[in-house]
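Here are my notes on the model you sent. Please read them with the structure open.

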Amino acid sequence: MENQEYFSHPTAVIDEGCSIGRGTRIWHFSHIMPGSQLGENCNIGQNVVISPGVSLGNNVKVQNNVSIYTGVTCEDDVFLGPSMVFTNIVNPRSAVVRRDQYVRTLVRRGASIGANATIVAGIELGAFSFVGAGAVVLRDVPPYGLVVGNPARQIGWMSEFGHRLEFNEQGQASCPESGEKYLLDHDGVRKIS
């Protein structure tokens, strides 16, 4: 289905009552459910489900086979890798209905989540954080934090361009691609240029 505001493949299902921003592209077999909000210039890969109440900012990239469940908010410029998983109930049971107990998960601006990673309900991924492929994230990740493994543990820091930061004795690092400078102190990492 082509629209002046956004593009959707003919096999995509777009329910009434959702909001889709200008320039967004929705690909094969994806389902956008009522009450969801997609910002401008998002790219929704094939076989993606976006549930009611989900909010995606501008320029969010959702790769193939991702389900974004009620309770999840992604700010601008978030990357969700292929087949990564969000959960939205802390203690799911098939025989116990908990539709009124969805837990909020927040993915801050510029964060990236690698392929096949799992994000357990109720956490916050800080701005420009980076979750490695296959990681199982059980707790909050600080801005610029790099986490890997199962359970995920922080092993370093990433630049806004997605490069590992190497800090000198003064706690300073430069991104090898952008040249932007970062400072590491007791509060974490922040960009200083």
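1. **Terms and status.** A residue is called buried under 20% relative accessible area, exposed over 50%, and partly exposed in between. The model is predicted. Keep that in mind for each point that follows.

2. **Phenylalanine 29.** Is phenylalanine 29 buried or exposed? Its relative accessibility is 55%, and the cut-off for exposed is over 50%, so phenylalanine 29 counts as exposed. The residue sits in the loop between strand 4 (25–26) and strand 5 (31–32). Its backbone also deserves a look. Phi is near 60°, a positive value in a residue other than glycine.

3. **Aspartate 77.** Here is another positive phi: aspartate 77 has a value near 65°, and this residue is not glycine either. Its place is the loop between strand 12 (72–74) and strand 13 (79–80). Relative accessibility is 32%, so aspartate 77 is partly exposed.

4. **Asparagine 59.** Which residues does asparagine 59 contact, leaving aside its neighbours within four places in sequence? They are Glu40, Asn41, Cys42, Asp77 and Val78. Aspartate 77 from the previous point is thus one of the partners. Asparagine 59 belongs to the loop between strand 9 (55–56) and strand 10 (61–62). The residue is partly exposed, at 30% relative accessible area. Phenylalanine 79 is 20 residues away from asparagine 59 along the chain, and their C-alpha atoms are separated by 8.8 Å.

5. **Cysteines.** How many disulfides does the structure hold? The count is 0. Why do cysteine 42 and cysteine 74 not form a bond? The closest cysteine sulfur to that of cysteine 42 is in cysteine 74, at 9.3 Å, which is too far for a bond. A disulfide needs sulfur atoms within 2.5 Å. Seen from cysteine 74, the closest cysteine sulfur is that of cysteine 42, again at 9.3 Å. Cysteine 42 is buried, with a relative accessible area of 0%. Cysteine 74 is buried too, at 1%. Cysteine 42 also appears above, among the contacts of asparagine 59.

6. **The cis peptide bond.** Please check the bond from asparagine 150 to proline 151. It is cis, with omega near -5°. Proline 151 lies in the loop between strand 21 (145–148) and strand 22 (153–157).

7. **Proline 143.** This proline is found in the loop between strand 20 (136–137) and strand 21. Its relative accessible area is 39%, so proline 143 is partly exposed. Beyond its neighbours within four places in sequence, proline 143 is in contact with Gly126, Ala127 and Trp157. Isoleucine 192 is 49 residues away along the chain. The C-alpha atoms of proline 143 and isoleucine 192 are separated by 14 Å.

8. **Lysine 181.** Where does lysine 181 lie? It is in strand 24 (residues 181–185). Lysine 181 is partly exposed, with 39% relative accessible area. Not counting residues up to four places away in sequence, lysine 181 touches Ala173, Ser174, Arg190, Lys191, Ile192 and Ser193. Valine 141 is another matter: its C-alpha atom is 21 Å from that of lysine 181, with the two positions 40 residues apart along the chain.

9. **Secondary structure and contacts.** The protein chain has 0 helices and 25 strands. Among its contacts with a separation of 6 or more, 14% are between residues 24 or more positions apart.

10. **Overall dimensions.** Does the chain agree or disagree with a compact globule in its radius of gyration? For 193 residues, a compact globule would have a radius of gyration near 16 Å; the protein chain has 17 Å, which agrees. Read that beside the box. Taken along the principal axes, the C-alpha atoms fill roughly 55 × 45 × 20 Å.

11. **Burial and surface.** Of the 193 residues in the protein chain, 41% are buried. The chain exposes about 9,900 Å², and carbon and sulfur atoms supply 48% of that area.

12. **Charge.** The protein chain carries 15 positive and 18 negative charges. Their mean positions are 6 Å apart.

Terms used:
Residues numbered from 1 in each chain as written. Predicted model: local features only at pLDDT ≥ 70, side-chain atom pairs only at ≥ 80, totals over all residues. Heavy atoms only, no water. Buried < 20%, exposed > 50% of the residue type's maximum accessible area, 1.4 Å probe, protein only. Helix = DSSP H or I, 4+ residues; strand = E, 2+ residues; numbered from the N terminus. Rg over C-alpha atoms; globule rule 2.2 N^0.38 Å. Contact = heavy atoms within 4.5 Å. Areas by Shrake-Rupley, 256 points an atom, 1.4 Å probe, with all protein chains shown as cover. Lys, Arg positive; Asp, Glu negative; His and termini not counted. Charge placed at Lys NZ, Arg CZ, Asp CG, Glu CD.
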